[in-house]
Amino acid sequence: MAYRNFSTTQLQEMDNAHHLHPFTDHAGLRGEGVRVVTGAEGAYIFDSEGKRILDGMAGLWCVNVGYGREELAKAAYEQMKELAYYNTFFKSTTAPAAMLAKRIADLAPTNFNQVFFGASGSESNDTSIRTVRYYWQLQGKPEKHIIISRDNAYHGSTIAATSMGGMGAMHGQLGPMLPGFRHVMCPYDFELKHKGESLEDFGIRAARAVEVAILQEGAENVAAFVGEPIQGAGGVKIPPPTYWPEIQRICKKYDILLMLDEVITAFGRTGAWFAAESMSIEADMITVAKAITSGYQPLSAVLVSDRVADVISKGGEYYHGYTYSGHPVTCAVALENIDIIEREGLIERVRDDTGPYLLERLQEVIGDHPLVGEVRGMGLLAAIEIVKDRETGERFPNEGSAAVCVRDHSIEAGMMMRAVGDTMILSPPLIWTRETIDEAAAICKVALDKAAADLLR
Ligand SMILES: *Cc1c(COP(=O)(O)O)cnc(C)c1O
């Protein structure tokens, strides 16, 4: 690779001078110097200084089968030689697009048999928004257009996805939001255990906030409710078990479609192909992206239920699509990625072994650490709440700074972890074994001890 001819400093200089990064404070970045990641193998990434780092985030929630998979490189290479690109617009398809659509339909809950492809989670959420609105138009109810979402939701970074998402900081920079979205409380509250409300009651109360919003807007104006089964970028917020069944009941009662954003949870993360399955949620639309190719190629999809697809496919031409919808190389890689997940039994392993073990091990090693207010998880998703006082749940002043301190010590000690507000996040590749989990827990402990030395001084 040509980059081998450049020193770390030269690469950092090019990056500093010319590269605008996503979700980045550039003044801060340029002061510190960017990390140049040059390679990866299995569960580890390597930087240009030769540092080996255990990747606790699977890239960005996506590299489920781990790094360096020859099979995926070969699938891309073979497909590029045979047919690098063709569109799927004008009565054409390609073999990988047709095969992947069938493959996904076979894996998905039984009421899903149609798939619309895109190239990113944001893009596919846009497709999902357009599709539910179009569905109600075709049903003769065009006024049913409002989508109810939650505070703290992350649905992507385009204007529509930002408006549908519930991130205050993103809304603040957006200018006028797109109309047609309404936000209600999210079904997670770390403070809860210090307030005395039961988890069950809280789950029902959070779901009823959706009902209140529907009644205020008028059910005749509401198209859908949208949610991540577990809020990911919002801080791995796992709703109480009472939440989704109540949401389901409310959506049925008022004839509101249920859109699931499974961009993080699909393809194994919760110990099932879809969280819809592991959490028993009956949806009308499901967005997937990230792990569909384990991040080896940019691909996303919206799974459209029979209820919606039957109407859309009888509605004449749907004026919607992307140049790269069903891109053959991305689909060929996705097919091979799904084969790997299946062949290696990664989902069963997460469900029966490594998922429970990750939570158990973290509880054992850091569960009673002075900085830890809570450890929670499902499958290979985990979160650690960082607090100043574990008895009262009091946080450190200057929100987020304590978690950043833990994160920096973790990277230093050899593991990539993410800080979201005062929460540490783990979302590792599904290839992690018990040994990898032991290593990760030990690094968490080192990072927390060092952070405690800094913070509790
Ligand atoms: C990452 C993410 C998205 C956006 O996907 P992009 O590929 O970054 O556009 C949407 N929803 C959820 C839940 C995500 O985690």
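**Loops, helices and the ligand shell in a predicted model**

Asp 189 is found in the loop between strand S6 (181-184) and helix H9 (199-217). The model described here is predicted. Asp 189 has a relative accessible area of 19%. That value is under the 20% cut-off, so Asp 189 counts as buried. Apart from residues up to four places away in sequence, Asp 189 touches Lys 195 and Phe 202.

The chain as a whole gives the setting. It has 16 helices and 15 strands. Its radius of gyration is 22 Å, close to the 23 Å that the globule rule gives for 457 residues, so the chain is as compact as a globular protein of that length. Along the principal axes, the C-alpha atoms fill a box of roughly 65 × 60 × 45 Å. Of the 457 residues, 54% count as buried. The accessible surface of the chain comes to about 19800 Å². Carbon and sulfur atoms account for 53% of that surface. Contacts that link distant parts of the sequence were also examined. Among contacts between residues at least 6 apart in sequence, 71% join residues at least 24 apart.

The ligand comes next. The residues around the ligand include Ser 120, Gly 121, Ser 122 and Asn 125. Tyr 154, His 155 and Gly 156 are also among them. So are Glu 228, Asp 261, Val 263, Ile 264 and Lys 290. By class, this shell has three nonpolar, six polar and three charged residues. Helix H6 (residues 121-138) gives the most to the shell, with three residues.

Which atoms of Ser 122 and Lys 290 lie 2.5 Å and 2.6 Å from the ligand? In Ser 122, a polar side-chain atom lies 2.5 Å from an oxygen atom of the ligand. In Lys 290, a polar side-chain atom lies 2.6 Å from an oxygen atom of the ligand. Tyr 154 takes part through its backbone. A backbone N or O atom of Tyr 154 lies 3.3 Å from a nitrogen atom of the ligand. Taken alone, the ligand exposes 380 Å². The protein buries 83% of that area.

Helix H6 also holds Ile 129. Ile 129 counts as buried, at 5% relative accessibility. Leaving aside neighbours within four places in sequence, Ile 129 is in contact with Ile 147, Ala 160, Met 164, Phe 181 and Met 259. Ala 219 is 90 residues from Ile 129 in sequence. In space, the C-alpha atoms of Ile 129 and Ala 219 are 17 Å apart.

Cys 251 lies in another helix, H10 (residues 243-254). Is Cys 251 buried or exposed? At 5% relative accessibility, Cys 251 counts as buried. Not counting residues up to four places away in sequence, Cys 251 touches Phe 225, Ile 256, Leu 257 and Leu 258. Phe 225 and Cys 251 are 26 residues apart along the chain. Their C-alpha atoms are separated by 7.4 Å.

Several loop residues were examined as well. Thr 270 sits in the loop between strand S8 (257-261) and helix H11 (275-278). Its relative accessible area is 6%, and Thr 270 is buried. The side chains of Thr 270 and Ser 278 are joined by a polar contact of 2.7 Å. Ser 278 also appears among the residues in contact with Thr 270, neighbours within four places in sequence aside. The others are Ile 230, Thr 265, Ala 275, Val 350, Met 378 and Gly 379.

Two further loop residues have a positive phi. Asn 152 belongs to the loop between strand S5 (146-150) and helix H7 (159-164). Its phi is near 80 degrees, a positive value in a residue other than glycine. Ser 294 is placed in the loop between strand S9 (285-288) and strand S10 (300-305). Although Ser 294 is not a glycine, its phi is positive, at about 55 degrees. Ser 294 has 1% relative accessibility and counts as buried.

Terms used:
Residues are numbered from 1 along each chain as its sequence is written. This is a predicted model: local features need pLDDT of at least 70, side-chain atom pairs count only at pLDDT 80 or more; totals for chains, interfaces and linings use all residues. Side-chain values use heavy atoms; hydrogens and water are left out. A residue is near a molecule or strand if one of its heavy atoms lies within 4 Å of it. A polar contact is a pair of N or O atoms within 3.5 Å; within protein, one must be able to donate a hydrogen and the other to accept it, and residues adjacent in sequence count only if both atoms are side-chain atoms. Accessible areas come from the Shrake-Rupley method with a 1.4 Å probe; for residues, only the protein chains shown count as cover. Helices (H or I, at least four residues) and strands (E, at least two) are DSSP runs, numbered from the N terminus. Ala, Val, Leu, Ile, Met, Phe, Trp, Tyr, Cys and Pro count as nonpolar, Asp, Glu, Lys and Arg as charged, and the others, Gly among them, as polar. The radius of gyration is taken over C-alpha atoms; the globule rule is 2.2 Å times the number of residues to the power 0.38. Buried means under 20% relative accessible area, exposed over 50%, partly exposed in between (1.4 Å probe, protein chains only). Contact means heavy atoms within 4.5 Å.
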